[in-house]
Amino acid sequence: MKVERHALPTEYRVRNPGFAAEVERVFYQAPFVRELGFKLVSFEAGRCETELLLQEKHLQQDGYVHAGVQATLADHSAGTAGATLLAAGQIVLTAEFKINLLRAARGERLSCRAWVLKPGGSLIIAESEIYSHAGERAELVSKATVTLAVVETAKQT
């Protein structure tokens with residue numbers, strides 16, 4: 001299944017010359033995310049693609065991917081997409097998110113595509129879509145909208 005890429009507005013630009021290292025930090029420094037096994041596949045200004053190879057620990061009692069795993073993948077991927085547009089000295093924190101679990105997820109892996117809908121100085125709005133993959137088949141299983149607060153980090157003295 002071919003997944004369409006959403007067009008990004010032209011005003012999306014990288015504001016931090018060291019953004020690639022910051023994106024890697026944002027994605028991999030969260031202990032919970034590392035424990036779950038999320039992988040950063042690719043990123044660019046306003047976008048992020050991630051994946052998760054499914055294991056037993058990701059499943060709920062009936063063998064489907066747990067809703068919490070999907071919510072975390074959608075949220076963290078959207079936050080990483082938002083982080084691509086930050087200036088040095090800024091971070092994002094999730095202020096709100098909503099996820100629609102469209103169908104039960106199972107398979108060998110999940111992939112997530114996240115993109116910024118609206119950048120901003122204090123709030124960034126992003127979306128994520130999660131697909132489950134079983135063999136050659138990919139199926140949209142959830143979609144999230146995420147509001148990210150842009151926070152200035154404290155200066156070190």
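Student: Which residue in strand 6 stands opposite Ser128?

Tutor: This is a predicted model, in which local features need pLDDT of at least 70, side-chain atom pairs count only at pLDDT 80 or more, and totals for chains, interfaces and linings use all residues. Residues are numbered from 1 along each chain as its sequence is written, and side-chain values use heavy atoms, without hydrogens or water. Strand 5 (residues 123-134) pairs with strand 6 (residues 137-152) in the antiparallel sense over 12 bridges, where pairing requires at least two DSSP bridges. In strand 6, the residue opposite Ser128 is Ala144.

Student: Which strands stand at the edges of the sheet?

Tutor: The open sheet has 6 strands (DSSP runs of E, at least two residues), in the order 1-2-4-5-6-3 with antiparallel pairing. Two strands have a single partner each, so one side of each is left without a neighbour in the sheet: strand 1 (39-44) and strand 3 (90-101).

Student: How many of the 17 residues of helix 3 are buried?

Tutor: Helix 3, a DSSP run of H or I of at least four residues, packs on the sheet, touching strands 1 to 6 (heavy atoms within 4.5 Å). Helix 3 is largely enclosed by the rest of the structure, because the residues that are buried (under 20% relative accessible area, 1.4 Å probe, protein chains only) number 15 of the 17.

Student: How far from Cys48 is the nearest cysteine sulfur?

Tutor: A disulfide requires two cysteine sulfur atoms within 2.5 Å, and by this rule the count comes to 0. Cys48 is in no disulfide, and the nearest cysteine sulfur, that of Cys112, lies at a distance of 7.2 Å.

Technical notes:
Buried < 20%, exposed > 50% of the residue type's maximum accessible area, 1.4 Å probe, protein only. Axes fitted to C-alpha atoms, helices over the stretch in contact; angles between N-to-C directions.
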